[in-house]
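Here are a few notes to read with the structure open beside you. Take the points one at a time, and find each residue before moving on.

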Amino acid sequence: MYLPKSWTDDRDRCRAARIPDERTFATKPDLAKAMVLRAIASPLPIAWVTADSAYGQEWRLRHMLEEIGLGYVLAVPKSQQVPHFGRIDHLFSQAPDGAWEKHSCGDGAKGPRI
């Protein structure tokens, strides 16, 4: 569970909420790394990870997934830098028109998700 630093720095507040004293601040990507490591240590058949750009732009998480050989699909912001190529949106804009196919991933609360 993510707890903001303002909570973890206030030990009285944490004790009132029954948050253990050993619980310290951790970023969301750090929590995600710990969750993935717990999952792969479990008997569950974990084959891949997916996450939004809040996690996809965290290179340490991507590196960890690559090192353990776990497949992943992580969104990245369009401003993400790609080594040797620059921004990812500039790289994608250089692809020929026929390089992309649109697929539906189902209807969402705001309509089709393409």
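1. Let's begin with D89, in what is a predicted model. D89 is partly exposed, with a relative accessible area of 22%. To be called buried, a residue must fall under 20%, so D89 does not count as buried. Its side chain meets that of R87 in a salt bridge, with N and O 2.8 Å apart. R87 is partly exposed as well, at a relative accessible area of 28%.

2. How many salt bridges does the count give? It comes to six. Besides the pair at D89 and R87, a good place to look is helix α2, residues 11-16. There D12 forms a salt bridge with R15, and their closest N and O atoms are 3.4 Å apart. Both residues belong to α2 and sit three residues apart, which is about one turn of the helix.

3. Now stay with R15 a little longer. The side chain of R15 also meets that of D21 in a salt bridge, at 3.2 Å from N to O. D12, R15 and D21 are therefore linked in a network of salt bridges. How open to the outside are these residues, exposed or buried? D12 is exposed, with a relative accessible area of 60%. R15 is partly exposed at 44%, and D21 also counts as partly exposed, with 44% relative accessibility.

4. Next, please look at the loop between α2 and α3, where you will find R18. R18 has a phi near 60°, a positive value in a residue that is not glycine. This deserves a second look because most residues other than glycine have a negative phi. R18 is exposed, with a relative accessible area of 77%. A26 has its place in the loop between α2 and α3 too, but A26 is buried, at a relative accessible area of 17%. If you like tracing distances, try the one from A26 to S104: they are 78 residues apart along the chain, and their C-alpha atoms are separated by 35 Å.

5. Which other residue should you check for its phi? H84 has a positive phi of about 75°, although it is not a glycine. H84 sits in the loop between β3 (81-82) and β4 (86-87). With a relative accessible area of 82%, H84 is exposed.

6. Helix α3 makes a nice exercise in reading a helix. α3 has 14 residues, and from its first C-alpha to its last it reaches 20 Å, close to the 20 Å expected at 1.5 Å a residue. Which residues of α3 are buried? They are P29, A32, K33 and V36. Seen down the helix axis, these buried residues fall within an arc of 100°, so they line one face of α3. Turn to the other side of α3 and you meet M35, R38 and A41, which are exposed. Try rotating the model until you are looking along the helix, and colour the two sets of residues.

7. Now for the surface. Which residues make a nonpolar surface patch of about 400 Å²? The patch is made by L37, I40, L44, I46 and I68. One of them, L44, lies in the loop between α3 (28-41) and β1 (48-51). L44 is exposed, with a relative accessible area of 56%. I68 comes from another part of the chain, in helix α5 (residues 59-68), and is partly exposed, with a relative accessible area of 38%. I68 and I40 are 28 residues apart along the chain, while their C-alpha atoms are separated by 9.5 Å.

8. Finally, a word on annotation. UniProt lists residues 2-82 under "domain: Transposase IS701-like DDE", in an unreviewed entry. In the model, the end C-alpha atoms of that span lie 29 Å apart. The span is 47% helix and 12% strand. When you write this up, please say that the domain name comes from the UniProt entry.

Methods
Residues numbered from 1 in each chain as written. Predicted model: local features only at pLDDT ≥ 70, side-chain atom pairs only at ≥ 80, totals over all residues. Heavy atoms only, no water. UniProt positions renumbered as here; feature names shortened; annotations may be inferred. Helix = DSSP H or I, 4+ residues; strand = E, 2+ residues; numbered from the N terminus. Patch = residues over 30% accessible without salt bridge, like charges linked within 9 Å, V, L, I, M, F, W, Y side chains within 5 Å. Areas by Shrake-Rupley, 256 points an atom, 1.4 Å probe, with all protein chains shown as cover. Salt bridge = Lys/Arg side-chain N within 4 Å of Asp/Glu carboxyl O. Buried < 20%, exposed > 50% of the residue type's maximum accessible area, 1.4 Å probe, protein only. Expected span 1.5 Å × (residues − 1). Arc of directions from axis to C-beta.
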